[in-house]
Amino acid sequence: MKSFDVVVIGGGPGGYVAAIRCAQLGLSTACVESWLNDDNQPVLGGTCLNVGCIPSKALLDSSHHFSFIKHEAKEHGINVAGVAMDVHRMIERKKSIVQTLTQGIAGLFRKNKIEWLKGHGRFISENQIEVRPVGEDGGDAFPVTAKHIIIATGSVPMTIPPAQVDDNLIVDSTGALAFTDVPRRLGVIGAGVIGLELGSVWNRLGAEVVVLEALDDFLAPVDRQLANEAEKLLRKQGLDIRLGAKVTGTGCNNREVTITYEQDEAKQQIVVDKLIVAVGRKPNTQGLGAREVGIELDQRGFIEVDGLCCTTLPNVYAIGDVVRGPMLAHKASEEGVAVAERIAGKPGHINYDAIPWVIYTWPEIAWVGKTEHELKAEGVDYRVGSFPIAASGRARAMGEVDGRIKMISDAHTDRILGVHILGPNASELISEAVVAVEFDGSSEDIARTIHAHPTLAEALHEAALAVDKRSIHF
Ligand code: FAD
Ligand code: NAD
């Protein structure tokens with residue numbers, strides 16, 4: 001029987017990163033991964049690389065370019081005639097990016113001498129995993145033993161009874177990344193991260209998009225002021241966002257979907273050509289056999305872990321989407337690194353207070369730390385500095401004037417408690433704020449830091465100055 005220091009179950013951004021770090025630290029490591037791509041070939045990378053972060057950003061970038069050429073190029077003096085979208089080419093480009101990156105992970109596994117066990121893993125005891133091979137090579141199930149096991153089995157889309165995914169007219173995020181043409185009318189259930197990102201993609205390409213959100217608040221986790229501004233901007237772009245909309249049923253003929261929902265106690269109906277269900281994701285422990293060997297799950301099905309990602313079994317850890325906390329690739333990877341280092345006897349660091357969030361709409365929305373709303377609820381005394389993107393010279397030059405940056409710091413110590421950005425390239429700008437939070441920095445630290453001119457980062461500098469009411473350009 002094959003035996004390893006560490007077996008990682010799942011090869012997404014949590015699992016593959018954990019495996020690489022374990023191998024770097026001299027531990028003999030295997031990774032069990034069951035994902036098969038559209039060509040029935042085993043691949044690494046999990047949700048993130050195959051049907052998540054990377055393919056969605058590929059489509060967001062393609063559709064952003066299309067929208068720019070159609071609506072904004074003229075403003076720059078660029079006249080382009082006959083602009084047309086080749087959806088097939090866009091999807092092929094996305095596939096090739098995914099293929100390059102997933103093959104890159106396989107290369108990293110070879111480089112680090114990690115054994116990739118292409119199959120489904122199931123606990124048969126607290127240090128034995130049965131691997132059931134997948135793919136064309138197949139073969140019989142076989143057991144492997146490990147001193148330590150890391151569960152990184154990720155998450156899968158949630159479903160709702162009134163809108164069952166049929167992978168034809170009603171799809172989840174995976175289906176929405178592979179439409180073969182632009183639907184004329186597109187429905188989206190859920191105005192969360194996926195609903196807004198994928199709704200934006202198809203809206204930019206010409207679909208009439210209606211987004212049905214059960215809650216009355218738009219983007220409830222986001223700073224209220226920024227969420228309100230974002231809502232106005234997205235509506236202006238053409239997203240028809242209907243809040244407080246409770247979907248009660250769907251009916252399909254072979255061409256279209258009729259969606260019935262309730263809003264303000266009135267029954268409503270819309271007809272669309274495609275419907276995306278994006279109502280959240282749930283932990284994936286299917287067929288894992290975790291409970292059977294004594295690993296506890298919480299009420300929502302997440303694997304129960306402490307602050308160090310230890311499960312209820314001493315040699316078993318769990319990381320990423322399958323445990324509590326934000327379902328984000330970088331959170332999964334950082335937990336993977338921290339657990340690998342702990343197994344190797346090192347401290348293993350992760351700061352849950354410094355995890356950035358990004359929503360890749362345009363403008364982008366990004367934040368780290370707490371919102372004003374949360375701080376008020378906690379009774380914290382704070383100060384806010386706010387700077388409009390429109391007052392940034394670089395943003396003006398780019399023709400990107402929407403949004404603002406808000407910095408919140410402790411009223412007594414000036415320690416940064418939260419930074420919230422709605423603006424162009426917010427996904428990149430947030431990193432400076434994350435570093436400041438990680439270093440327990442103050443708004444004064446950012447205020448005294450020289451920022452290159454002209455850059456968007458100057459707007460973050462100005463927001464820091466604004467905390468002390470000494471912003472220069474606003
Ligand atoms: P996963 O990536 O889900 O990987 C788990 C892996 O485990 C899978 O490959 C699965 O096949 C394998 N597996 C499961 N059970 C077994 C088993 N028993 N045996 C063998 N293998 C098994 N996050 C971001 O941070 N930024 C983004 O921009 C972003 N965009 C997203 C866009 C979309 C459309 C979606 C759906 C998600 C997005 N996410 C994004 C979320 C991100 O993809 C997840 O947070 C991340 O993939 C979680 O990593 P993970 O390793 O925990 O799990
Ligand atoms: P989400 O939690 O972001 O949003 C789901 C939305 O659906 C919520 O607003 C919720 O109120 C709404 N909803 C739930 N049930 C509903 C119903 N019956 N009818 C109408 N609305 C309903 O979840 P998601 O968009 O599916 O994304 C899942 C997770 O994937 C995210 O939480 C995030 O962690 C991750 N993700 C991250 C990124 C990123 O980092 N940019 C991108 C995509 C996904």
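This is a working chat about a predicted model and its two ligand sites, one sheet and one aromatic pair.

Biologist: Let's start with ligand 1. How many residues surround it, and which are closest?

Modeller: Ligand 1 is surrounded by 39 residues, and the closest are Glu-33, Thr-47, Lys-57, Gly-121 and Asp-321.

Biologist: Which polar backbone atom sits 2.8 Å from a nitrogen atom of ligand 1?

Modeller: That backbone atom belongs to Gly-121. The side chain of Asp-321 also places an N or O atom 2.8 Å from ligand 1, there from an oxygen atom of the ligand. Pro-13 contributes through its backbone, with an N or O atom 3.4 Å from an oxygen atom of ligand 1.

Biologist: And how much of ligand 1 does the protein bury?

Modeller: The protein buries 94% of the 1,000 Å² that ligand 1 exposes when taken alone.

Biologist: Which helices and strands supply at least two residues of that shell each?

Modeller: The strands are β2 (29-33) and β3 (115-125), and the helices are α2 (46-51), α3 (53-72) and α8 (329-343). Helix α2 has the largest share of the shell around ligand 1, with 4 residues.

Biologist: How does the shell around ligand 1 divide into nonpolar, polar and charged?

Modeller: For ligand 1 the split is 15 nonpolar, 20 polar and 4 charged residues.

Biologist: Now ligand 2. What's the split there?

Modeller: Around ligand 2 there are 14 nonpolar, 3 polar and 3 charged residues. Of the 20 residues in this shell, the ones that come nearest are Ile-194, Glu-213, Gly-280, Met-327 and Val-358.

Biologist: Which residue has a side-chain N or O atom 2.6 Å from an oxygen atom of ligand 2?

Modeller: Glu-213 does. Two backbones come in as well: an N or O atom of Gly-280 is 2.8 Å from an oxygen atom of ligand 2, and one of Val-358 is 2.7 Å from a nitrogen atom of ligand 2. The protein covers 75% of the 830 Å² of accessible area that ligand 2 has on its own.

Biologist: Which elements and domains supply that shell?

Modeller: Helix α6 (193-204) and strand β17 (357-359) each give at least two residues. The largest share, 3 residues, comes from α6. By domain, at least three residues come from domain 2 (170-279) and at least three from domain 3 (354-467).

Biologist: Switching to the sheet. What's the strand order in the open one with 5 strands?

Modeller: The order is β7-β14-β8-β9-β10, with parallel pairing. The edges are β7 (170-171) and β10 (240-242), each of which pairs on one side only.

Biologist: How many bridges between β9 and β10?

Modeller: Strand β9 (residues 208-212) pairs with β10 over 3 bridges, in the parallel sense. Val-211 stands opposite Ile-241 in β10.

Biologist: Last topic, aromatics. How many aromatic pairs are there?

Modeller: The count is 3 aromatic pairs. One of them is Trp-357 with Trp-367, which is stacked at 5.5 Å centre to centre, with 0 degrees between the planes.

Biologist: Where do those two sit in the chain?

Modeller: Trp-357 is in strand β17 and Trp-367 is in strand β18 (residues 364-369), 10 residues apart, and the pair links distant parts of the chain. Strand β17 is also one of the elements that supply at least two residues of the shell around ligand 2.

Terms used
Residues numbered from 1 in each chain as written. Chains lettered and ligands numbered in written order. Predicted model: local features only at pLDDT ≥ 70, side-chain atom pairs only at ≥ 80, totals over all residues. Heavy atoms only, no water. Near = heavy atom within 4 Å. Polar contact = N/O pair within 3.5 Å; in protein donor to acceptor, adjacent residues only side chain to side chain. Areas by Shrake-Rupley, 256 points an atom, 1.4 Å probe, with all protein chains shown as cover. Nonpolar A, V, L, I, M, F, W, Y, C, P; charged D, E, K, R; others polar. Domains from an automatic or database assignment. Pairing = 2+ DSSP bridges. Phe/Tyr/Trp six-rings, centres within 6.5 Å; stacked < 30°, edge-to-face > 60°.
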